[in-house]
Amino acid sequence: VIPRGRSLGGSSSINWLIWTRASPGDWDHWEEGFGCDGWNWENIEPYYFKLENVTDMAADVDVRGTAGRMRIRHASHKLPFAKQFYKVAEANGVPFNRDYNGKTPYGASPAQENTDW
């Protein structure tokens, strides 16, 4: 069963507390394109390390934090069709990516959540 939001905002009100980092290119663009001095990947990345506590997943630990206060893990709810989805994605040239917040954001991935502090 996939939960549905029956409230103001609909299903987006559930949001599952999915954890997704902004990409290095996004941070650099904010500084260069919008004049947000200091808002670049080089300055922001250390704060991700301090914040994250990546657990129970094969993450790219050389680019992820493992001692922070925010526990990040693969989503506890497993959709019944997920394995089939990954197989179809790979058959169509989209690689499986165990950690979309790691070295590359590209590919089909299980969601990561931050549901407990």
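User: Helices here are DSSP runs of H or I with at least four residues, numbered from the N terminus. The model is predicted. Which helix gives the largest share of the lining of the largest pocket?

Analyst: The largest pocket is lined by 17 residues. One helix supplies four residues of that lining, the largest share. That helix spans residues 82-91 and is H3.

User: How much space lies in the largest pocket, and which residues are closest to its centre?

Analyst: The space in the largest pocket is about 390 Å³. Its lining counts 17 residues. Closest to the centre are Leu79, Ala82, Tyr86, Pro110 and Ala111.

User: Which class leads the lining of the largest pocket, nonpolar, polar or charged?

Analyst: Three lining residues are polar and three are charged. Another 11 fall in the remaining class. The class that leads is nonpolar.

User: How many residues of each class line the second largest pocket?

Analyst: This pocket holds about 240 Å³ of space. Its lining has 14 residues, with Ser23, Pro24, Tyr100, Asn101 and Gly102 nearest the centre. By class, the lining splits into six nonpolar, five polar and three charged residues.

User: Which strands are the edge strands of the sheet?

Analyst: The sheet is open, has three strands in the order S1-S2-S3 and shows mixed pairing. An edge strand here pairs on one side only. That applies to S1 (52-54) and S3 (112-113).

User: Which residue in S2 is the bridge partner of Val54?

Analyst: S2 covers residues 70-74. It runs parallel to S1, and three bridges join the two strands. In S2, the partner of Val54 is Ile72.

User: At what angle does helix H2 run to S1?

Analyst: Helix H2 covers residues 41-51. It lies across both S1 and S2. Its angle to S1 is about 55°.

User: How far apart in sequence are the parts that the Glu52 and Arg64 pair ties together?

Analyst: The structure holds five salt bridges. One of them joins Glu52 to Arg64, with the closest N and O atoms 3.1 Å apart. Glu52 sits in strand S1 and Arg64 in the loop between S1 and S2, so the pair ties together parts whose separation in sequence is 12 residues.

Definitions and conventions
Residues numbered from 1 in each chain as written. Predicted model: local features only at pLDDT ≥ 70, side-chain atom pairs only at ≥ 80, totals over all residues. Heavy atoms only, no water. 1 Å grid on protein atoms, 1.4 Å probe; cavity = no way out; pocket = protein on both sides within 12 Å on 5 of 7 lines; lining within 4 Å. Points joined across faces, edges and corners; volume = space filled by probe spheres on them. Nonpolar A, V, L, I, M, F, W, Y, C, P; charged D, E, K, R; others polar. Pairing = 2+ DSSP bridges. Contact = heavy atoms within 4.5 Å. Axes fitted to C-alpha atoms, helices over the stretch in contact; angles between N-to-C directions. Salt bridge = Lys/Arg side-chain N within 4 Å of Asp/Glu carboxyl O.
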